[in-house]
Structures are given as C-alpha cells and as structure tokens.
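Colleague: Hey, got a minute to walk me through this one? I'm new to it.
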Amino acid sequence: MKCVYATDTGRKWCSCRGLVCTEIECRNKERIASLRERTDGASYHTKFANADQREDAPFVLVRSGFCNKKHCVDFVYNK
C-alpha cells in the first residue's frame, strides 16, 4: 500500500547491494516544515530535490524503503 502523500518517481535512490530503492516525492506539508525536528527513519532518509528551495519546497524526496508505516510517523494509507 502507498501513502496518500507519496508519489514514486521510479528514479533510483541508490544501488545498494541486493536492493534498489527509488525516490518517493513526499508532499506532506507538516513533514516538510518540521523535517529537522523529526527522528524517524523516513526523516533520516529524506533529502530536498533542490537545496536552494528548502524554504518553499513543494516536496521532499524519501528513500522508498523508508516510506512506510514502520519508518514514517506521518504515513497515511491510500484507500
């Protein structure tokens, strides 16, 4: 299942041995605004698409392996 805030870009995050993660666009405004205060796995594996747009970023990129209920306190399932 996917999160209502998530869109899988299909682009590779990395080429970890035995696992290829993709970049997920996360459009949860609360997560973006409080990213530095978060300590969950999804926050640790999150980056801004453009470092110059941190203040007004419409989304952040999350490593697909951490875009799930186990690693993200903001994860909300699509119905």
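Colleague: Where does Val 76 sit?
Modeller: Val 76 is in the segment after β4 (60–63); strands are DSSP runs of E, at least two residues, numbered from the N terminus. This is a predicted model, so local features need pLDDT of at least 70 and side-chain atom pairs 80 or more, while totals for chains, interfaces and linings use all residues. Residues are numbered from 1 along each chain as its sequence is written, and side-chain values use heavy atoms, without hydrogens or water.

Colleague: Is Val 76 buried or exposed?
Modeller: Partly exposed, because its relative accessibility is 37%. Buried means under 20%, exposed over 50%, partly exposed in between (1.4 Å probe, protein chains only).

Colleague: OK, new topic. Where's Thr 22?
Modeller: Thr 22 lies in strand β2, residues 22–26. Thr 22 counts as buried because its relative accessibility is 16%.

Colleague: And which side chain does Thr 22 make a polar contact with?
Modeller: That of Asp 8, at 3.0 Å. A polar contact is a pair of N or O atoms within 3.5 Å; within protein, one must be able to donate a hydrogen and the other to accept it, and residues adjacent in sequence count only if both atoms are side-chain atoms.

Colleague: How many disulfides are there?
Modeller: Zero, taking a disulfide as two cysteine sulfur atoms within 2.5 Å. For Cys 3, the nearest cysteine sulfur belongs to Cys 67, 5.6 Å away. For Cys 26, the nearest is that of Cys 72, at 6.3 Å.

Colleague: Is Cys 26 buried or exposed?
Modeller: Buried, because its relative accessibility is 10%.

How values were computed
Helices (H or I, at least four residues) and strands (E, at least two) are DSSP runs, numbered from the N terminus.
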